[in-house]
Every structure is written in C-alpha cells, then in structure tokens.
Amino acid sequence: MEFAVKFEFRASNNEAEYEALVLGMRIAQDAGALHLLAYSDSQLIVKQVNGEYEAKEEIMVQYLQQIEELKSKFKSFQLHQIPREENFKADSLSKLASALEDCKTRRITMQHLPQPGSHWISSQFHQITMIR
C-alpha cells in the first residue's frame, strides 16, 4: 500500500519517521491487516522500535508507546531497516506529498495531519483524500 503524508506541523526527521510509521500502522489496522512487515531507512527508529536502542527524548518515548500499543493489534509485526539509497519509493512519495497537484497518473492516498500523531486518533481517518 502506498500513501503520501503532508505534515501541517513542524517535525524533526526522526519525528517524521515515527509519524509515518504510526500512520502506516493505523492504516494497516483499519484495513484489517493481521500481519505487518514494515521498512524504514532510519537506523535510530528501527533500533528503538526493535528494542536495541533506548529512547531518551520524551517525544521518542511517547512515539514508542504508541508503536507498542499498535503492535499489539497485529498477530505479527516486523520492522526492518533498508539502506537509504534503496528507499527510493519512500523518497518519491515524500516528494509527491509536496507536489500533488502535478500527479494525475496514479491513485495515491493523502492524509493531512493537523497535529503530531500523539494526538491523532483513528476517527480522524475520514480526512483522507484520494488523488487521481
């Protein structure tokens, strides 16, 4: 499943990675997925989620708590790191979120997040816009 997200708030690179993971997990859950295999090019996020690194910043601890809660909704969950240079799909989608007006050839799910995911709830999922 491909989706692009345009943040309407400031976020660090790590916060943006967590936001994307949380949103992807929520979308998979809402779609009825039982098993989830996710990929990220962020070594920090992958190692924190997999318990190899400890989160020290409060915001990262909050994201990890969300991830743990969401993980419990799946029969299985795996997060793997891929090299940044091999993550061209995610890079393309992130650029697409900034230039959706020019995208007429594919169907992409776009979610506008008005605030960080720690306050985002599934009931706001109706805000999704399909772009052709």
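This note goes through a predicted model of a single chain, point by point.

1. **Confidence.** The model is predicted, so begin with how far the predictor trusts it. The mean pLDDT of the chain is 77. Of its residues, 63% reach 70 or more. Residues 118-132 fall below 50. Even so, this stretch has 39 contacts in the model beyond near neighbours in sequence.

2. **Overall layout.** The chain has four helices and five strands. Along the sequence they come in the pattern β-α-β-α-α-β-α-β-β. There are 132 residues in the chain, and 38% of them count as buried. The chain exposes about 8200 Å². Carbon and sulfur atoms supply 49% of that area.

3. **Contacts across the sequence.** Take the contacts between residues at least 6 apart in sequence. Of these, 72% join residues at least 24 apart. One pair shows how distant parts of the sequence can be brought together: Lys6 and Pro114 are 108 residues apart in sequence, with their C-alpha atoms 9.4 Å apart in space. Lys6 belongs to strand β1, residues 3-7. With 36% relative accessibility, Lys6 counts as partly exposed.

4. **The nonpolar core.** Which residues have the most contacts inside the largest nonpolar core? They are Tyr18, Leu21, Met25, Val49, Ile67, Phe77 and Leu79. The core has 19 residues. At least two core residues come from each of α1, β2 (35-40), α2, α3 and β3 (76-81). As background, nonpolar side chains in soluble globular proteins tend to be buried together.

5. **Helix α1.** This helix has 18 residues. From first C-alpha to last it reaches 26 Å, close to the 26 Å expected at 1.5 Å a residue. Its buried residues include Tyr18, Leu21, Val22 and Met25. Charged residues are on the buried list too, among them Glu15, Glu19 and Arg26. After α1 comes Gly32, whose phi is positive, near 90 degrees.

6. **Glu19.** Is Glu19, a residue of helix α1, buried or exposed? Glu19 is buried, because its relative accessible area is 2% and the cut-off for buried is under 20%. Tyr63 is 44 residues from Glu19 along the chain. Their C-alpha atoms are separated by 8.1 Å. Tyr63 is itself one of the buried residues of α3.

7. **Helix α3, two sides.** Helix α3 covers residues 58-71, 14 residues in total. Its span is 20 Å from first C-alpha to last, close to the 20 Å expected. Met60, Tyr63, Leu64, Gln66, Ile67 and Leu70 are buried. Why do these residues line one face of the helix? Seen down the axis of α3, they fall within an arc of 160 degrees, so they line one face. An α-helix has 3.6 residues a turn, so residues three or four places apart point the same way. The face of α3 turned away from the buried side carries exposed Glu58, Gln65 and Glu69.

8. **What covers α3.** The cover over the buried residues of α3 includes α1 (13-30) and α2 (43-49). Two residues of α3 fill in the detail. Setting aside neighbours within four places in sequence, Ile67 is in contact with Tyr18, Leu21, Val22, Met25 and Val49. With the same kind of neighbours left out, Met60 touches Asn14, Glu15, Tyr18, Gln48 and Ala55. Tyr18 is thus listed for Ile67 and for Met60.

9. **Met60.** Met60 lies in helix α3. At 3% relative accessibility, Met60 counts as buried. Gln48 is twelve residues from Met60 along the chain. The C-alpha atoms of this pair are separated by 8.8 Å.

10. **His80 in β3.** His80 sits in strand β3. How does His80 count at 32% relative accessibility? His80 counts as partly exposed. Leaving aside neighbours within four places in sequence, His80 is in contact with Leu37, Ala38, Tyr39, Ser40 and Val46. Ile45 is 35 residues from His80 along the chain, and their C-alpha atoms are separated by 9.9 Å. β3 also supplies at least two residues of the largest nonpolar core.

How values were computed. Residues numbered from 1 in each chain as written. Predicted model: local features only at pLDDT ≥ 70, side-chain atom pairs only at ≥ 80, totals over all residues. Heavy atoms only, no water. pLDDT = per-residue confidence, 0-100. Contact = heavy atoms within 4.5 Å. Expected span 1.5 Å × (residues − 1). Buried < 20%, exposed > 50% of the residue type's maximum accessible area, 1.4 Å probe, protein only. Arc of directions from axis to C-beta. Areas by Shrake-Rupley, 256 points an atom, 1.4 Å probe, with all protein chains shown as cover. Core = buried A, V, L, I, M, F, W, Y, C linked by side-chain atoms within 4.5 Å.
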